[in-house]
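Me: I am new to this structure and would be grateful for a close look at one part of it, namely the empty space inside. Please take that as the starting point and then lead me onward to the other local features.

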Amino acid sequence: MSSLNASQSPQGPPRKPRVAVVFGGRSSEHGISVVTAGAVLAAIDRDVYDVLPIGITADGRWALTADDPARMAITDRAVPSVEQIAESTEGDVVLSVAPGNREVVYSEPGSVPKALGDVDVVFPVLHGPYGEDGTLQGLLELSGLPYVGAGVLASAVGQDKEYMKRVFTSFGLPVGPYLVIRPREWDQDESGARRRIVDFAAEHGWPLFVKPARGGSSVGISKVDGFEGLDEALAEARRHDPKVLVESLLRGREIECGVLEFEDGPRASLPAEIPPVTAHDFYDFEAKYIDSASGLVPAPLTEEQTAEVRRLAVAAFEAVSCEGLVRADFFLTEDGTFVINEINTMPGFTPISMFPRMWQESGVGYAELVDLLIKAALRRSTGLR
C-alpha cells in the first residue's frame with residue numbers, strides 16, 4: 001500500500017474519508033445492531049464521507065450489504081437481519097491484519113478476489129459478544145484501523161458485568177448487591193449454586209434479577225419473585241451466556257446519562273429517567289425496542305442530583321478507560337443515593353434510543369453526534385495510548 005495519507009489520492013484532490021459501518025454479528029442482539037446501523041447509515045453526511053456497509057451474519061460471515069437504511073428498520077414487530085440485506089451470503093469481506101494496509105477485499109468461491117478500496121475508519125455498531133466485547137476491537141487494532149468507541153480493555157470490561165462492577169468498586173463508585181455463578185461452579189455443583197442464590201435472596205430479599213453476565217439489550221433477563229421461578233430464569237440466562245449474574249432489586253428510580261468524548265475530554269449529557277413500564281415487569285427487550293417505551297428527557301431531578309449523576313457518569317467512563325461514548329445506567333434509591341448499575345460502550349443508537357435523545361436535549365443532534373464520533377476516531381491512533 002502507498003505511504004500516502006489514507007485520505008489522499010495519488011492524483012487530483014483529496015478523497016473523502018471512507019467509513020466502514022460494521023453491524024449484525026453472532027450475538028442475540030444481532031437484529032438491534034442492524035437497526036442501529038440503518039440509523040447511522042442514514043445520518044452519515046455523504047458529502048463528507050464515503051460509506052461501506054459490512055454486515056456480519058448470525059453465523060459470523062462478513063458480507064457486503066445493501067446501503068439501504070429503509071430495509072434495516074423494525075417491521076411488524078420483527079427485527080431485521082444481515083441475511084435479509086446481504087448482496088450475497090456466499091462471499092466474504094476480508095480486512096487485512098497487516099498494519100498500514102487498509103484495503104478491504106471481497107472474495108467468492110471460484111472467483112478472483114475483488115478489491116473494494118481502502119477504509120479510513122470503522123464505525124462498529126455491534127452489540128453484545130463477538131463485537132462489543134473487545135473481540136472486534138482487537139482485530140481492528142491488529143489491522144491498524146481507527147474505530148469508533150471503546151478500546152479492547154474497556155470494551156471487554158464493559159461487556160462483562162461482573163468485572164465492570166469490580167472496577168467500579170475499586171474506584172469508589174457505589175454498586176448494588178450481586179453474585180456471580182460461573183460455568184465451572186454450575187457444572188460441578190448445581191445444587192450448591194442454587195443454595196448460594198437462595199442465601200443471597202434471604203439476605204437481600206426477593207425479587208431477584210437473573211441475567212447473562214455478558215449480555216445486553218435486556219435479552220435473557222428474568223425477574224424472579226421466588227424460588228419456584230429460579231430454575232427457569234437460570235436456564236434462560238444460561239441460554240445466552242454460561243456465566244450468570246444475580247442482582248437484588250434496588251428500589252428507586254432508573255436514571256441514565258450519556259457520556260461523549262470531545263477534544264477536551266469526556267462530557268456528560270443531561271440525564272433521562274426510565275419510568276415504570278406498566279405493560280412489562282421491568283424495562284425489558286420488548287419495552288425498549290418493540291413497544292418503544294419512552295423515557296423522560298431530561299429527567300425530573302434537582303440541580304444537585306443532575307450534577308451528581310453527570311459527575312458519576314464521567315467517573316464511570318474514566319474508571320473503565322472508555323473512549324468515544326458510553327451510556328451509564330443508575331438507580332436513584334429511596335434514600336437519595338445514586339447507585340451505578342452498568343455502562344454500555346455501544347449503547348442503543350437509533351434516533352429514538354436514550355443515548356441520542358439525551359444528547360439531542362443537550363444540544364447535539366443525531367447527525368452531529370454521528371459526525372463527532374467519526375471525527376474523534378479519525379483523530380485517534382490505534383495501539384497503546
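Reply: The largest cavity holds about 70 Å³ of space. The model in which this cavity is found is a predicted one, and the structure has one cavity of 30 Å³ or more.

The lining of the largest cavity brings together several stretches of the chain. Pro-124 and Leu-126 contribute to the lining, as do Gly-131, Glu-132 and Gln-137. Val-148, Gly-149, Ala-150 and Ser-155 also belong to the lining, and Thr-345 and Met-346 complete the list. By character, the lining of the largest cavity comprises five nonpolar residues, five polar residues and one charged residue. Glycine is counted among the polar residues here, so Gly-131 and Gly-149 of this lining fall in that class.

An open space may be set beside this enclosed one. The second largest pocket contains about 200 Å³ of space. Its lining is made up of 15 residues, and those nearest the centre of the pocket are Ser-28, Pro-129, Arg-214, His-240 and Asp-241. The lining of the second largest pocket divides into five nonpolar, five polar and five charged residues.

The aromatic rings come next. Across the whole structure, five aromatic pairs are found. Ring pairs join Phe-123, Phe-349, Phe-355 and Tyr-366 into a cluster. Two tyrosine rings also have a charged group placed over them. The charged end of Arg-380 sits over the ring of Tyr-147, 4.8 Å from the centre of that ring. The ring of Tyr-163 has the charged end of Arg-166 over it, at 5.9 Å from the ring centre.

The cysteines deserve a separate word. The count of disulfides is zero. A disulfide would require two cysteine sulfur atoms within 2.5 Å. The cysteine sulfur closest to that of Cys-257 belongs to Cys-322 and is 13 Å away, so the separation is too far for a bond. Seen from the other side, the sulfur of Cys-322 has that of Cys-257 as its closest cysteine sulfur, again at 13 Å and too far for a bond. As for their surroundings, Cys-257 has a relative accessibility of 0% and therefore counts as buried. Cys-322, at 5% relative accessibility, counts as buried too.

The backbone offers some further details, beginning with two cis peptide bonds. The bond from Trp-206 to Pro-207 is cis, with omega near 0 degrees. Pro-207 is placed in the loop between α7 (190-204) and β9 (208-212). The peptide bond from Val-297 to Pro-298 is likewise cis, with omega near -5 degrees. Pro-298 is in the loop that runs between α9 (285-290) and α10 (303-319).

Finally, two residues have a positive phi although neither is glycine. Asp-76 has phi near 50 degrees, and its place is the loop between β3 (62-64) and α2 (82-85). For Arg-77, phi is near 65 degrees, and Arg-77 too lies in the loop between β3 and α2. Asp-76 counts as exposed because its relative accessibility is 74%. Arg-77 has a relative accessible area of 52% and is therefore exposed as well.

Terms used. Residues numbered from 1 in each chain as written. Predicted model: local features only at pLDDT ≥ 70, side-chain atom pairs only at ≥ 80, totals over all residues. Heavy atoms only, no water. 1 Å grid on protein atoms, 1.4 Å probe; cavity = no way out; pocket = protein on both sides within 12 Å on 5 of 7 lines; lining within 4 Å. Points joined across faces, edges and corners; volume = space filled by probe spheres on them. Phe/Tyr/Trp six-rings, centres within 6.5 Å; stacked < 30°, edge-to-face > 60°. Lys NZ or Arg CZ within 6 Å of the ring centre and 35° of its normal. Buried < 20%, exposed > 50% of the residue type's maximum accessible area, 1.4 Å probe, protein only. Helix = DSSP H or I, 4+ residues; strand = E, 2+ residues; numbered from the N terminus.
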